[in-house]
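This report concerns the fold and selected local features of one protein chain. Please consult the sequence and the model shown here while reading.

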Amino acid sequence: CTSSISLKIEMGVTLQHVIIVFLASLFLIQFSLHTWISSHHNPVSRFDSCPILNSEPKVWSAKQRRYKNRHPHHAKRCKLRRLGGHREDQYGGWQICETEELLVSKTANSAEDRALVYSFGLGTDTSFDEDIISQYGAVVHGFDPTPGSLKYVRERSASLPDCNFAIHPFGLNDKDGEIKLYPPENPEHISHNQIPREGARPVTATLLRLATVMQLLGHTRVHILKMDVEGAEFGVLETLLSLPPLGEDDYGDGSGLSDGWAAPQRDSSGGGPDLPFDQLCVEFHPSIHPGGQEAGNAAVQRIVRALARRGFSLVHDTGAQELSFARLAVF
């Protein structure tokens with residue numbers, strides 16, 4: 001009888017031990033799986049060692065800004081500053097408005113007071129990103145899915161201030177997913193695009209919508225959005241601006257892309273949701289528009305007019321290729 005009781009106790013203890021070991025193993029498996037999924041399937045890494053890269057910038061109210069009572073569409077009504085583009089051909093440089101947020105960012109002690117910049121399409125030139133960090137103390141998130149660019153930027157970022165720059169291996173598009181990007185004809189160039197080219201070996205890249213990127217990074221607004229995304233800018237901006245497909249009325253007389261620039265409206269709603277940026281620097285590529293050059297030219301004009309309806313002034317134009325816009329409220 002005593003042996004029977006002892007056996008039952010031992011069996012009970014053993015069974016309890018087995019259950020504990022089983023539950024602990026199950027927990028470890030779930031934890032390991034969650035860690036693997038986070039590191040392999042989430043394109044954004046959290047920056048635990050650099051909290052500033054996770055910080056949400058302060059949203060300034062109208063009373064906190066310095067306003068100037070001047071004509072809203074005159075390009076000289078904001079103080080333009082050129083950043084980047086130190087080569088003779090000034091490749092990689094952009095014109096921006098020196099806003100109050102940028103001036104405060106220069107000497108900011110808190111993460112929320114630093115200017116936040118999204119830089120899509122880095123290629124092999126980060127001079128713009130380096131300048132806005134060195135001159136304004138901005139926090140820059142850079143994005144590029146192409147292998148050559150990632151290699152260059154990772155080597156170059158070693159010389160940038162700690163915690164002011166982060167590189168993400170994905171690009172920008174009007175929809176989320178993986179897509180094939182094709183290399184340029186000139187082997188000395190590095191920019192890839194979505195246009196299939198016979199004999200070219202594409203790379204598969206992860207492209208995300210702006211809303212998805214901002215959600216992953218935990219941001220609701222950025223001060224400056226820069227995009228040089230080899231033709232994807234049309235779909236991205238048309239989606240953000242809720243524009244329908246191009247129609248016959250969108251085509252001009254072909255006399256020039258600068259014809260018909262619209263003055264921005266002070267009501268920035270423009271019949272759609274607020275845009276999550278204060279300045280936009282974009283390089284248009286009408287020659288690789290899916291509808292051809294003429295459709296690309298028409299798309300540029302239509303996007304500029306739509307931005308004007310949302311209260312964005314065209315502050316710099318290099319011939320309808322590289323354009324800079326600023327929201328009226330920021331200068």
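The account below moves from overall composition to a sheet, the cysteines, the nonpolar cores, and several individual residues.

## Overall composition

The model is a predicted one. The protein has 7 helices and 12 strands. Of its 331 residues, 44% are buried. Among contacts with a separation of 6 or more, 73% are between residues 24 or more positions apart. The exposed area of the protein is about 17600 Å², and carbon and sulfur atoms supply 53% of that area.

## A sheet of three strands

One open sheet consists of 3 strands in the order S6-S8-S7, and its pairing is mixed. The edge positions are held by strand S6 (171–172) and strand S7 (177–181); each has a single partner strand, so one side of each is left without a neighbour in the sheet. S6 and strand S8 (residues 203–208) run parallel and are joined by 2 bridges. Within this arrangement, Leu 172 stands opposite Leu 208 in S8. In general terms, strands of a sheet pair through backbone hydrogen bonds, either parallel or antiparallel.

## Cysteines

How many disulfides does a search of the whole structure find? The search returns 1 disulfide. This disulfide joins Cys 78 to Cys 97, with an S to S distance of 2.1 Å. The link of Cys 78 and Cys 97 is left-handed, with -70° about the S-S bond. Cys 78 lies in the loop between helix H1 (2–41) and strand S1 (80–83), whereas Cys 97 belongs to strand S2 (residues 94–97), so the pair ties together parts that are 19 residues apart in sequence. Both Cys 78 and Cys 97 are buried.

Why does Cys 281 form no bond with the closest cysteine sulfur, in Cys 97? The two sulfur atoms are 9.1 Å apart, which is too far for a bond. Cys 281 is itself buried, with a relative accessible area of 1%.

## Nonpolar cores

The largest nonpolar core contains 37 residues, and the members that touch the most others are Tyr 118, Phe 120, Leu 225, Met 227, Leu 280 and Phe 325. Helix H7 (residues 293–309) supplies the largest share of this core, with 6 residues. Apart from this core lies another one, of 18 residues, which includes Leu 83, Trp 94, Leu 102 and Ile 133. As a general tendency, nonpolar side chains in soluble globular proteins are buried together.

Which residues does Phe 325 contact, leaving aside its neighbours within four places in sequence? They are Asp 278, Gln 279, Leu 280, Val 282, Val 304, Leu 307, Phe 312, Ser 313, Leu 314 and Val 315.

## Helix H3

Helix H3 (residues 127–136) is mostly covered, since 8 of its 10 residues are buried. The buried residues of H3 are Ser 127, Phe 128, Asp 129, Glu 130, Asp 131, Ile 132, Ile 133 and Tyr 136. Gly 137 follows H3 and has a positive phi, near 65°.

## Residues in and around helix H6

Two residues that are not glycines have positive phi values, and both lie in loops that adjoin helix H6 (232–240). Glu 230 is found in the loop between strand S9 (222–227) and H6. Ser 242 lies in the loop between H6 and strand S10 (277–283). The table sets out their values.

| Residue | Phi | Relative accessible area | State |
|---|---|---|---|
| Glu 230 | about 50° | 17% | buried |
| Ser 242 | about 55° | 51% | exposed |

Glu 238 is found within helix H6 itself. This residue is buried, with a relative accessible area of 17%. Where does the side chain of Glu 238 make a polar contact? Its partner is the side chain of Arg 302, at 3.4 Å. Leaving aside neighbours within four places in sequence, Glu 238 is in contact with Leu 243, Ala 299, Arg 302 and Ile 303.

Key: Residues are numbered from 1 along each chain as its sequence is written. This is a predicted model: local features need pLDDT of at least 70, side-chain atom pairs count only at pLDDT 80 or more; totals for chains, interfaces and linings use all residues. Side-chain values use heavy atoms; hydrogens and water are left out. Two strands pair if DSSP finds at least two bridges between them. Helices (H or I, at least four residues) and strands (E, at least two) are DSSP runs, numbered from the N terminus. A disulfide is a pair of cysteine sulfur atoms within 2.5 Å. Buried means under 20% relative accessible area, exposed over 50%, partly exposed in between (1.4 Å probe, protein chains only). A nonpolar core is a set of buried Ala, Val, Leu, Ile, Met, Phe, Trp, Tyr and Cys residues joined through side-chain atoms within 4.5 Å. Contact means heavy atoms within 4.5 Å. Accessible areas come from the Shrake-Rupley method with a 1.4 Å probe; for residues, only the protein chains shown count as cover. A polar contact is a pair of N or O atoms within 3.5 Å; within protein, one must be able to donate a hydrogen and the other to accept it, and residues adjacent in sequence count only if both atoms are side-chain atoms.
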